[in-house]
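Me: I would like to go through the ring contacts in this model and see how each label is reached. Please set the values against the cut-offs.

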Amino acid sequence: MVVKVHEGENDLLETQLFFDMLLMTLLEGRERSEEDWAKLFLDAGFSDYKITPILGLRSLIEVYP
């Protein structure tokens, strides 16, 4: 999940915070901002990435060798 909230999207922010708590308690995971994803991909050796929002809080993330 990519965290990006725009002004006036309080319902979306509340949902993202709920999912953040859910990930931390059930899966020991966390939400990441686009900058967090970029650092992770580039540190892992990928040359580029593309994040495409598709529906609600979900995004398609593509990484390139």
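Me: How many aromatic pairs does the chain have by this rule?

Reply: The count is two aromatic pairs, in what is a predicted model. One of them joins Trp37 and Phe41, with 5.4 Å between ring centres and 25° between planes.

Me: Why is the pair Trp37 and Phe41 called stacked?

Reply: Ring centres must lie within 6.5 Å to pair, and planes under 30 degrees apart count as stacked. Trp37 and Phe41 give 5.4 Å and 25°, so the pair is stacked.

Me: Where do Trp37 and Phe41 lie in the chain?

Reply: Both are in helix α2 (residues 34-43), four residues apart, which is about one turn of the helix.

Me: What makes Phe41 buried or exposed?

Reply: Buried means under 20% relative accessible area. Phe41 has 9%, so Phe41 is buried. Trp37, at 16%, falls under that limit too and therefore counts as buried.

Me: Why is the pair Phe41 and Tyr49 called tilted?

Reply: The centres of Phe41 and Tyr49 are 5.7 Å apart and the planes meet at 50°. Stacked needs under 30 degrees and edge-to-face over 60, so this pair is tilted. Ring pairs thus link Trp37, Phe41 and Tyr49 into a cluster.

Me: How do you know that Arg32 lies over the face of Trp37?

Reply: The distance limit is 6 Å from the ring centre, with a further limit on the angle to the ring normal. Arg32 is at 5.2 Å from the ring centre of Trp37 and is counted as lying over its face.

Methods. Residues numbered from 1 in each chain as written. Predicted model: local features only at pLDDT ≥ 70, side-chain atom pairs only at ≥ 80, totals over all residues. Heavy atoms only, no water. Phe/Tyr/Trp six-rings, centres within 6.5 Å; stacked < 30°, edge-to-face > 60°. Helix = DSSP H or I, 4+ residues; strand = E, 2+ residues; numbered from the N terminus. Buried < 20%, exposed > 50% of the residue type's maximum accessible area, 1.4 Å probe, protein only. Lys NZ or Arg CZ within 6 Å of the ring centre and 35° of its normal.
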